[in-house]
Amino acid sequence: MERVYNFSAGPAVLPVEVLEEAAAEMLNYRGTGMSVMEMSHRSKAYQAIIDEAEADLRELMNIPENYKVLFLQGGAHQQFAMVPMNLMKNKVADYIITGQWAKKAWKEAQLYGKANAIASSEDATFSYIPDCSDLPISEDADYVYICENNTIYGTKFHTLPNTKGKLLVSDVSSCFLSEPVEVTKYGIIYGGVQKNIGPAGVVIAIVREDLITDDVLPGTPTMLKYKTHADAGSMYNTPPAYGIYICGKVFKWLKKQGGLTAMKERNETKAAILYDFLDQSKLFKGTVRKEDRSLMNVPFVTGSKELDAKFVKEAEAAGFVNLKGHRSVGGMRASIYNAMPIEGVKALVAFMAKFEAENV
Ligand SMILES: *Cc1c(COP(=O)(O)O)cnc(C)c1O
């Protein structure tokens, strides 16, 4: 069986062990005589799957009792609306604009209230994280919003912003489970799972219990209230059942790897291999301010569009796929999520060194 090294930003690489296990269970899930895809979400077998997935996620992230774990749909984009609909009591929120996803969330929030952009790094193509130690947080802000890891630009908040006591809401789509987090620092942590956890179609929202109320903006659809899903154990309607099942397998895989502390170490090792190469290369350059570099998404350029295109093409032929950068940054981007093995990063760097020798 031929597998490539897949550096896609999302949907992205999954652990081979997880895919193999899912394949083995495809026709007959543990004696039920059917696939999880064909199973009622109200069955005992499925209830056990979702319960175990939640329990394993709670253990991995050390999620306190007073936070709910919700398995939702609609992608991260739906959270751009759900967050203001559920939290904007004063109709004021502050957004830190560190890239396209934060900007889209900010624009969406403007449909529901006053959404202020209190900091931005757009002046330098979002290649850094602004200083967030003393921002003009609005006195009546219902929350402060960040996109914690900027998938397109390759930056990451290594220090959370000083919200001056206001609630912090974070989109962690592309750094979910890549390192330990202190859940209590957030009101809501959410992310689409298709970057670092599982198949597209599932969004996980970890929401502090006191934020889950019926006091939402008038006209909020039933399906867009956190309370609807919290009250029903994420099964108000048919959940993305198969996707949650795969997420559950990834949680077990992460536990077997040693949990999030071990993942952080491994991710730092992997990222260092690539960044160290970029820092000494005469051809390739990283595009992000060093102290704000992401462990998950690594954009880089040669400085020449022709060479960039040549590199992407030759890399693909050699089995390193999806390295083309986002159209707003250009160049290349290697997404090296949890499931990218260290051998994949080493092999990529060796290929880059060879390309450099042939093209400088
Ligand atoms: C991919 C991504 C999104 C968009 O996710 P959808 O599930 O397609 O809505 C939002 N935020 C971040 C940080 C992402 O990486």
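Reader: What makes the pair between Lys195 and the ligand a polar contact?

Author: Happy to show you, with the reminder that this is a predicted model. An N or O atom in the side chain of Lys195 is 2.5 Å from an oxygen atom of the ligand. A polar contact asks for a pair of N or O atoms within 3.5 Å, so the Lys195 pair, at 2.5 Å, qualifies.

Reader: How do you know that Thr151 and Gln194 make polar contacts with the ligand too?

Author: The same test works for both of them. For Thr151, a side-chain N or O atom is 2.4 Å from a ligand oxygen. For Gln194, a polar side-chain atom lies 2.8 Å from an oxygen of the ligand. The limit is 3.5 Å, so both pairs pass. As for the ligand itself, it exposes 390 Å² when taken alone, and the protein buries 87% of that.

Reader: Which residues are around the ligand, and which helix gives the most to that shell?

Author: Around the ligand you find Gly75, Ala76, His77, Phe80, Trp101, Cys147, Asn149, Thr151, Asp171, Ser173, Gln194 and Lys195. Helix 3, residues 75–87, gives the most, with four residues. By class, the shell divides into four nonpolar, six polar and two charged residues.

Reader: Let's go to the salt bridges. Why is the pair of Glu52 and Lys252 called one?

Author: A salt bridge needs a side-chain nitrogen of Lys or Arg within 4 Å of a carboxyl oxygen of Asp or Glu. The side chains of Glu52 and Lys252 meet at 2.8 Å, N to O, so the pair counts. Glu52 sits in helix 2 and Lys252 in helix 6 (residues 241–256), so this salt bridge ties together parts that are 200 residues apart in sequence. By this rule the count comes to 25 salt bridges.

Reader: Why are Glu52 and Lys252 called partly exposed?

Author: Partly exposed covers the range between 20% and 50% relative accessible area. Glu52 has 38% and Lys252 has 37%, so both fall in that range.

Reader: What makes Glu54 and Arg58 a salt bridge, and where do the two residues lie?

Author: Their closest approach is 2.9 Å, N to O, and the limit is 4 Å, so the pair is a salt bridge. Glu54 and Arg58 both lie in helix 2, four residues apart, about one turn of the helix.

Reader: Are Glu54 and Arg58 buried or partly exposed?

Author: One of each! Buried means under 20%. Arg58, at 19%, is under that line and therefore buried. Glu54 has 25%, so it counts as partly exposed.

Reader: How do you know that Asp56 and Lys255 form a salt bridge, and which helices do they lie in?

Author: The closest N and O atoms of Lys255 and Asp56 are 2.7 Å apart, and the limit is 4 Å, so the pair passes. Lys255 is in helix 6 and Asp56 in helix 2, a link between distant parts of the chain, 199 residues apart. Asp56 has a relative accessible area of 5%, under the 20% limit, so it is buried. Lys255, at 32%, counts as partly exposed.

Reader: Which residues do shared partners join into one network?

Author: Salt bridges that share partners join Glu52, Asp56, Glu59, Lys252 and Lys255 into one network.

Reader: Which residues make the nonpolar surface patch, and what makes Met26 fit for it?

Author: Met26, Leu27 and Met37 make a patch of about 330 Å². A patch residue needs over 30% relative accessible area, and Met26 has 31%, so it clears that bar. Met26 lies in the loop between helix 1 (16–24) and helix 2 (44–61).

Reader: Which backbone angles should I look at around Pro11, Lys91 and Thr125?

Author: The peptide bond from Gly10 to Pro11 is cis, with omega near -15 degrees. Pro11 is in the loop between strand 1 (5–6) and helix 1. Phi of Lys91 is near 60 degrees, a positive value in a residue other than glycine. Thr125 also has a positive phi, near 45 degrees. Lys91 is in the loop between helix 3 and strand 3 (92–97), and Thr125 is in the loop between strand 4 (114–120) and strand 5 (144–147).

Reader: Why are Lys91 and Thr125 called partly exposed?

Author: Exposed would take over 50%. Lys91 has 42% and Thr125 has 46%, so each lies between the 20% and 50% limits and is partly exposed.

Note on methods
Residues numbered from 1 in each chain as written. Predicted model: local features only at pLDDT ≥ 70, side-chain atom pairs only at ≥ 80, totals over all residues. Heavy atoms only, no water. Near = heavy atom within 4 Å. Polar contact = N/O pair within 3.5 Å; in protein donor to acceptor, adjacent residues only side chain to side chain. Areas by Shrake-Rupley, 256 points an atom, 1.4 Å probe, with all protein chains shown as cover. Nonpolar A, V, L, I, M, F, W, Y, C, P; charged D, E, K, R; others polar. Patch = residues over 30% accessible without salt bridge, like charges linked within 9 Å, V, L, I, M, F, W, Y side chains within 5 Å. Buried < 20%, exposed > 50% of the residue type's maximum accessible area, 1.4 Å probe, protein only.
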